[in-house]
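Walk through this model with the structure open beside you. The route runs from a sheet to a helix, then to the nonpolar cores and one last residue.

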Amino acid sequence: MRYQITHTTEYTYHQSVSLCHNIARLQMRDTPGQLCSASNVAIIPHPDVTNQYEDFFGNKVLYFAIQREHQHLAVTVQSVIEKRNRPSQLMNIYDNVSWEDSKKMTRLPGDDNFEARQYISFTEITRPDADILEYTLESFTPGRSIFDACNDLTRRIFHDFKFDPGFTTVSTPLCVVMKERKGVCQDFAHLAIACIRSVGLAARYISGYLETAPPPGKVKLVGVDASHAWFAVFVPQSGWIEFDPTNNILPANQHITLAWGRDYTDVAPLQGVILSSGPHQLKVSVDVKRLH
């Protein structure tokens, strides 16, 4: 499958901005199941300084600065993605390795699982409390396979929590999400990661896009898609296995990976510092188009 993804972020400032520094993680990364064949970045006004690099997690990062007065900033990234089946991963997801054995193997000294071990520690966003640990242990019962445990956790989050776009923000703590049992894909991914790390396993946050279909008989509108988030758990000798608790599915060709890290703060699509005294308005438009 081939997709064209267009992601536009627009800021309108009430007061002129004389200087801004920005970091954008909006260019697709290549994975074993995904190849980015084309990517174009358009920034208005044109930046005075740009620099491209990869961050610690291998995500593509664009730094840019605008050093003159402006009241509007627009960043549009258009990418063409080819999704491939991942037979090696799909063949191994039903391994009978228990989550306890997986935990032991991941922590063994050496270089084999070194990259995965950086995803074991809690972050401020994914720090579990007693309620989260109790919720986790309902799925992570003694001797259960790591795949079955994570799949069950994904299913339970899907059924136990309500998708409510207006309830949380990026700063809403997990204890509130846990208590109120509602949130968005970002919250559900963070909750699952907190659960998995609470029992000593490695889990990472994945940001990207999900192809959506219009209602029956309707034409899909341009720009109505949105960013998406899910998680992956590390299984020694099998690699990373992805789960989507928002939709209770195993991500495949319709999930398009943008970046990954320990939590959302590692993969925020656009971050910046501006020199201005006024508020601003933000508008984000995303379009995922299948190419035939």
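Helices (H or I, at least four residues) and strands (E, at least two) are DSSP runs, numbered from the N terminus. Two strands pair if DSSP finds at least two bridges between them. This is a predicted model: local features need pLDDT of at least 70, side-chain atom pairs count only at pLDDT 80 or more, and totals for chains, interfaces and linings use all residues. Residues are numbered from 1 along each chain as its sequence is written, and side-chain values use heavy atoms, with hydrogens and water left out.

Start with an open sheet of 4 strands. Its order is 11-10-9-12, and the pairing is antiparallel. Strand 11 (239-243) and strand 12 (255-261) are the edges, each pairing on one side only. Strand 9 (residues 203-210) and strand 12 are antiparallel and share 6 bridges. In that pairing, Tyr-209 has Ile-256 of strand 12 as its bridge partner.

Now turn to helix 4 (residues 130-137). Its buried residues (under 20% relative accessible area; exposed is over 50%, partly exposed in between, with a 1.4 Å probe and protein chains only) are Ile-132, Tyr-135 and Thr-136. Seen down the helix axis, these buried residues fall within an arc of 100°, so they line one face of helix 4. The arc is that of the directions from the helix axis to the C-beta atoms. The face turned away from the buried side carries exposed Ala-130 and Glu-134. The cover over the buried residues of helix 4 includes helix 5 (146-160), helix 6 (174-180) and helix 7 (185-198).

Next, the cores. A nonpolar core is a set of buried Ala, Val, Leu, Ile, Met, Phe, Trp, Tyr and Cys residues joined through side-chain atoms within 4.5 Å. The largest has 60 residues, of which Phe-64, Phe-140, Ile-196 and Tyr-209 touch the most other members. Helix 7 gives the most to this core, with 9 residues. Contact means heavy atoms within 4.5 Å. Leaving aside neighbours within four places in sequence, the contacts of Ile-196 include Phe-140, Cys-150, Leu-153 and Phe-231. A second, separate core has 11 residues, among them Ile-120 and Trp-240.

Finish at Ser-16, in strand 1 (residues 2-17). Is Ser-16 buried or exposed? Ser-16 is partly exposed, with a relative accessible area of 33%. Not counting residues up to four places away in sequence, Ser-16 touches Glu-69, His-70, Gln-71, Leu-275 and Ser-276.
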